[in-house]
Amino acid sequence: MNKRNKKFIGLIAISILAAGITGYFSRGYITQALSSYKENLKTVYKSYASHKSLKNFLSSETKPNSVLIFEPNPYHHECMPGYAKYFSDLGYNLDVLIIKGNEDSLSLFEPQDKLRIFTFDNLEQIDLTSDKLSNKFSNYSSVLLHSTDPNKKDLLEKLGLLSSFNSLLIAHDINFIEDMGISNKINQGQVLTLADIERGVYVNPHYFGNIPEKSKNSKTRFFITSTSGRDYSNLIETALELKREKLDFDIVVTGRSNSFGSDNIPEELKENFIFKHYLAYKEMYNEVQNSDYVIISLDPENPNDSVFKEVRATGSIQLVYGFLKPAIIHKDFSKYYKLDSTNSFLHSGDDLKKAMKGAIKLNADEYKTKQENLKKLSKVIYKTSLENLKQALKI
């Protein structure tokens, strides 16, 4: 038991004794004291449990020339293999600290002998061991904070990640950095961004593993990640028109939001939509690989989507680059993601049908050409990102 807990228990004992001596030793006081003691015991137990959960990480030997990637959230893990790959290619050993259950996000990563995965159960564990973790973090050549969120600022400060000279911060939204009052990190070149924007260092994580190129399916298969707050009526209406023209296709829908589900689909289209919400990362990777196209459902008429061409990057673009799957995307967003008609299908909303029909009718050779153009783009982005990371690391 640590000094703080011993002191707390001692104060309870002295208070009870004092209350008894002075005649104020009431049942209510005892109840209150015992309740406080019970809560403190819970804290002691949680501290012990968190130490036990993080024991492997805290007691592990930090290899020379190692980088730690720390993701405090239960999401964004699809970006992790891409960032890990850049550090690996620069010759670093890699440790990853993530919430338990997300290890399969790195299932395709190579080389596995360069990577060690450590887990924790919840952020409370991180908070309770923040002093030890802060000391541990200082042993690494660099620590990459995989998500930088304003609502976790206090915890991130306790871990020393917002002030450390050896930390790099990923801004999934560059405004978060300014909201947290740490714009100096941008000026110091320590903030990485997934999109190529003026503020921040552009390092796009689109590597998932050594994935073989796949030819176009005989039955065209579209992949889409659903998001709450989006209108999919145009997609449904387009699919209905394509179906009535006797075109053969499937649309696989994944995502953490099930607001777009089978209840939204008319009976005529039931066999064309395949809903697979809440997939594990490895299963999602399989679905992308088995598809031909990725539908990026950004809409310029939706005010919530404007950030995805200004300060954020949609996660779907990593799948396009990494799996070499041509995108179906609104032309208003295409330039932001470096996509054009040579590597994807662009539309203006009212001609989504034309884009999807063209994708379905594309023959194997034409499809291969789009893939090759995507591969060229992917390599350019990778090379640029690697050089940008080297500058951020000052190597």
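Okay, let's start with Glu271, which is exposed at 60% relative accessibility. One thing up front: what we're looking at is a predicted model.

So what does Glu271 do with its side chain? It meets the side chain of Lys243 in a salt bridge, 3.3 Å from N to O. Glu271 is in the loop between β9 and β10 (273-275), while Lys243 is in helix α10, so this pair ties together parts that are 28 residues apart in sequence.

Staying with α10 for a moment: there's another salt bridge, between Lys353 and Glu241, with the closest N and O atoms 3.8 Å apart. The cut-off here is 4 Å. That pair links distant parts of the chain, with Lys353 in helix α14 (residues 352-361) and Glu241 in helix α10 (residues 233-244), 112 residues apart. As for exposure, Lys353 is partly exposed at 26% relative accessible area, and Glu241 is partly exposed too, at 30%.

How many salt bridges turn up in the whole structure? The search finds 23. One of them joins Asp95 and Arg116, where the closest N and O atoms are 2.8 Å apart. Asp95 is in strand β2 (residues 93-99) and Arg116 is in strand β3 (residues 115-120), so the pair ties together parts 21 residues apart in sequence. Is Asp95 buried or exposed? It's buried, with a relative accessible area of 2%. Arg116, on the other hand, counts as partly exposed at 22%. In general, side chains of opposite charge can pair when their charged atoms come close.

Then there's a bridge network. Going back to the Glu271 and Lys243 salt bridge at 3.3 Å for a second, there are also salt bridges that share partners, and these join Lys219, Arg221, Asp248, Asp250, Lys276 and Glu287 into one network.

Glu287 takes us to helix α11 (residues 281-289), where it's one of the buried residues, along with Tyr281, Met284, Tyr285, Val288 and Gln289. And what do the buried residues of α11 pack against? The answer is α4 (80-89), β8 (220-225), β9 (249-254) and α12.

Now for charges without a salt bridge. Asp231, Asp299, Glu301 and Asp332 form a negative surface patch. Let me pick out Asp299, which is in the loop between β11 (293-296) and α12 (316-323). With a relative accessible area of 31%, Asp299 is partly exposed. Residues have to be over 30% to go into a patch, so Asp299 at 31% qualifies on that count.

Last topic: backbone geometry, for those of you who like to check torsions. Which residues does a cis peptide bond join? Glu110 and Pro111, with omega at about 0°. Pro111 is in the loop between β2 and β3, and those are the strands that hold Asp95 and Arg116.

We also have positive phi values in residues that aren't glycine. His76 has phi near 75°, and it's in the loop between β1 (66-70) and α4. His76 is buried, at 19% relative accessible area; the line for buried is under 20%. Lys394 has a positive phi as well, about 60°. Lys394 is in the segment after α15 (364-393), and at 63% relative accessibility it counts as exposed.

That's my tour, thanks.

Note on methods: Residues numbered from 1 in each chain as written. Predicted model: local features only at pLDDT ≥ 70, side-chain atom pairs only at ≥ 80, totals over all residues. Heavy atoms only, no water. Patch = residues over 30% accessible without salt bridge, like charges linked within 9 Å, V, L, I, M, F, W, Y side chains within 5 Å. Areas by Shrake-Rupley, 256 points an atom, 1.4 Å probe, with all protein chains shown as cover. Lys, Arg positive; Asp, Glu negative; His and termini not counted. Charge placed at Lys NZ, Arg CZ, Asp CG, Glu CD. Helix = DSSP H or I, 4+ residues; strand = E, 2+ residues; numbered from the N terminus. Buried < 20%, exposed > 50% of the residue type's maximum accessible area, 1.4 Å probe, protein only. Contact = heavy atoms within 4.5 Å.
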